Every structure is written in C-alpha cells, then in structure tokens.
Amino acid sequence: MSSYSLVEQTLKNILSLINPTKDDWAVRFHIIEDVRDAVETVESLRGATVEPYGSFVSDLFTRWGDLDISIEILTGSHISNTAKKQKQSFLAEVLEALRSKGTCRKLRFMSNARVPFLKLEHNLRSITCDISINSLHGQMKSKFLFWINGIDGRFREIVMLVKEWAKAHDINESKSGSLNSYCLSLLVIFHFQTCVPAILPPLKELYPGDLAHDLKGVRTDAEKQIEETCAVNINRFQVNKPRASRQSNRSSLSDLLISFFAKFSDIDVRASEQGINLYFGQWEDIGSNMAWLPRTFALYVEDPFEQPANTARTVTNNHLTKMADAFRATHNILASNDHNQATLLAALIRQDRLLPSVVRNPNMPGNYNRSRPQVNRAVPSPSQSHQIRNTTKNGRSNNANTNRPVQPIHNQAQQIWRAKPNT
C-alpha cells in the first residue's frame, strides 16, 4: 500500500471507529429525557423546555462526545433575557432534582463560570453532560454548523478527525487554556474557505446578521427569519456557483487534513499579528480591526455569528505554542513517506480509543458494522425552513449535497428537538 493510500485508509478507519452508532444516539436521547423528567419536577421551571445543542445537534459529535443541554425559559412566546443570578437559582433547583432522581453522578455546579452551568456524568455510559439556562445562541450556532454540513460532506469528517486529534494532543480543553470544540470547528470552516479552490464562502454570504441583534422578540419569528435567510443564501451559493467550479476541489480527506495541519503550523507566530475572520473568510491584521484592540488575547478566532466575540479567548500563550507544535509534528508525520499505521494512529487518535481490529488490519474496510441512523441532512429551502429544528442526522458523502427539502427525523428526535411546554 502506498504512503498516500495508507493515510487515506487510516483516516477512514478512524472515522468508522469514532462515528456514533445508533446506540450512541439512543443513549443521548435517553439522557435528554432523563433531564427533562427532572426539570418537570421543579415548580419554578414549569413551562420550560429542555433542548439539546452543540455537537449533538450539529452532527459533529464522536462516540465519546459530551452532551450540551439548554433549559429554555420563555416569557410568554418571547425570548427571555435571564440574569446570571436567576440562572444560578434555577440551576441550583435542577441540581437538587437530579440528585433526587439518582441517575447521575459527579454533579458539579459551576456557579461562578462566565455562563453558569451544571456538569455531570450520567450513569448510562458515563457520558458527560453540561446543562445551562437559555443557551438559544448556542442552539442557533449548532444549526449553522449543521447547515454547513449540508454544503459539503467532507466538512463533518474533517471536523471529527480534528477534534479527535486535538483530544489526543490535549489541546481541546478550554478550561485548561486550549481550544474548545466550537473553535476547532471554526478553524475547519476557515480552512475550507481559504483552500484553493475554496470549498466554503465567507460566512457573510450565508448569514450577514448577528445573533445578538437578531435573536430578540418572539422566538418563533426570530428563528424563522434567521433560518429563511440562511436557506436562501445557502441555496444561492450552491445554485449560482457553476457546477464545474463547485466540484473542482475534489481533495481527498488526507489532502484536506494534511493541508489543514500545514496551514496552522505557524499559528503561534502568525497570531501575534493576525486574527482569523470567518465572516470575511480571511486572515486579518489585528491592528486594523478596532474591535480586537487593545490586543489582550493570545489568539483571535472571531465568532462569525456574534462579532467581535473571540472563540479562542481562553487560549494561553503556553498552549498556543503547544498547539503549533502539535500542528507541525502531525503535518510532518502525515506528509512524510516514512510512516506506518502505528505512527499515524499515534499522531491522530488517543490510544485508549483503539480497538484491536483497527491496529491489526490496516486494510480493514472503512465501515465495520458501526451503523448510524439513516436520516436525511439537507440544505433548508425557504418554504420548509420551519422544519429545520426537527432535523439532526443523515448519511455521509464526500460530495456537495444537492438542494433537497429539509425532512424531519424520526418522532423521538422531533420531540426532543422542540419540546412543547408542560402545562
């Protein structure tokens, strides 16, 4: 097997290992229902909804991925602006309800965090779960990433590989000074924006607004407006771009991953002068962006949906150096002809993730009966954008998806994605 083929096959093997199975999905659905049952016992939260967000919703979670849950409190039908102290009070009550239920362990109340939340491990599979109050912005960002999945299937696969790689190199933990998973996903988007030819457009072409401004008033109206705007813009991007041009970047997973590591190999040096602007899809001089001044962060990766928030604000200088070292070392291994499957796996995935069959058989088929739910992912069309909140899964492809109407997933997912208030 050639060096190139070995890298490509190893990546497919890793994906087949880390992709969630039907059982992984079912476990998370069970946890969400478990949290909902506990919340229903809290009198002060009567009428609140329990809604997942994060990688579970954007379809970017691995088998071992955490689960993010938001308890959404509405003022009538309007979006609520809940004060920090009130969030702390609600979460304290939820904490007691979960303790009484007895289905979780390692319950911790992060009351002094910038955004207060509960952290726990569920007894079922030891999956870590973070519970917050009114994380509607997080829900919308999860949808944005899900829609981007629909533009090109390689985006999901590269994000999954990068997240697992970051875990292996201990640079995917924001509380310790490295990158959070959302920021890693944005780095992949930026790579797809700046590769030649580009796969994704500047995000201003998909969503020219700002969540802080747009998520106000009646929730259904605000969400619908954002969804319809994105649906029109995504469809326009896919339809207007000539077919030959859209398909011209046929880079393999190994090509895209190797160039990803190459692109950020000097990020420790470059970050001293430039930040990453996904809204315009380009590196930007920090001195020319007044919103980034005075320079107080080691790395700027601006949130394209909530400018000028920095998604890399927790990164320290020491971890920035560690990240750059990891980018360089991994690029050198993948781009070299002097590697084998063992060295590739050591560079890309935590060793405790590996199954014996992965190491023993380098020619193992990419899919060894790790079936996933067969649910459609599609680019939302304006006439059916209201169905977006009922979608979370589909099969995978390396090619850009065609313009298909959004289809709701199975009934269980619909109930979880948008729960009706309890009365």
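In this predicted model, Leu120 stands opposite Cys129 in E7. The two strands concerned, E6 (residues 117-122) and E7 (residues 128-133), run antiparallel and are joined by 4 bridges. A further facing pair is found here, with Leu118 standing opposite Ile131 in E7. Between E6 and E7 lies a hairpin with 5 residues between the strands, and in this hairpin Arg125 takes a positive phi near 75 degrees.

E6 also has a partner in E5: the two run antiparallel and are joined by 5 bridges. E5 and E6 form a hairpin too, with 6 residues between them. Here Arg108 stands opposite Lys119 in E6. As a helpful reminder, strands of a sheet pair through backbone hydrogen bonds, either parallel or antiparallel.

How much of E6 is buried? The count is 6 of its 6 residues, so E6 is largely enclosed by the rest of the structure. In a regular strand, the side chains alternate between the two faces of the sheet. E6 shows this nicely: Phe117, Lys119 and Glu121 point one way, while Leu118, Leu120 and His122 point the other way. The charged names in that list may catch the eye, but Lys119 and Glu121 are buried along with the rest.

Stepping back to the whole sheet, what is the order of its strands? The sheet is open and has 5 strands in the order E1-E2-E7-E6-E5, with mixed pairing. Strand E1 (49-53) and strand E5 (104-110) are the edge strands, since each pairs on one side only. From one strand to the next, the twist averages 25 degrees. Helix H5 packs on this sheet, where it touches E1 and strand E2 (67-72), and the direction of H5 makes about 40 degrees with that of E1.

Attention now turns to the aromatic rings. A pair of aromatic rings is described by the distance of the centres and the angle of the planes. The structure holds 23 aromatic pairs. One of them joins Phe56 and Phe61, whose ring centres are 5.5 Å apart; the planes stand at 45 degrees, so this pair is tilted. Phe56 is buried, with a relative accessible area of 2%, and Phe61 counts as buried at 0% relative accessibility.

Phe144 and Phe305 give another example, with ring centres 4.1 Å apart and planes at 10 degrees, so this pair is stacked. Where do these two rings sit along the chain? Phe144 belongs to helix H5 (residues 136-151), whereas Phe305 lies in the loop between strand E10 (301-302) and helix H13 (317-335). With their positions 161 residues apart, the pair links distant parts of the chain. Both partners are shielded: Phe144 counts as buried at 3% relative accessibility, and Phe305 counts as buried at 2%.

Rings can also join in groups. Ring pairs link Trp165, Phe190, Phe260, Phe261, Phe264, Trp283 and Phe327 into a cluster. A ring may have a charged neighbour as well: the charged end of Arg63 sits over the ring of Trp64, 5.9 Å from its centre.

Notes:
Residues numbered from 1 in each chain as written. Predicted model: local features only at pLDDT ≥ 70, side-chain atom pairs only at ≥ 80, totals over all residues. Heavy atoms only, no water. Phe/Tyr/Trp six-rings, centres within 6.5 Å; stacked < 30°, edge-to-face > 60°. Buried < 20%, exposed > 50% of the residue type's maximum accessible area, 1.4 Å probe, protein only. Lys NZ or Arg CZ within 6 Å of the ring centre and 35° of its normal. Pairing = 2+ DSSP bridges. Axes fitted to C-alpha atoms, helices over the stretch in contact; angles between N-to-C directions. Contact = heavy atoms within 4.5 Å.
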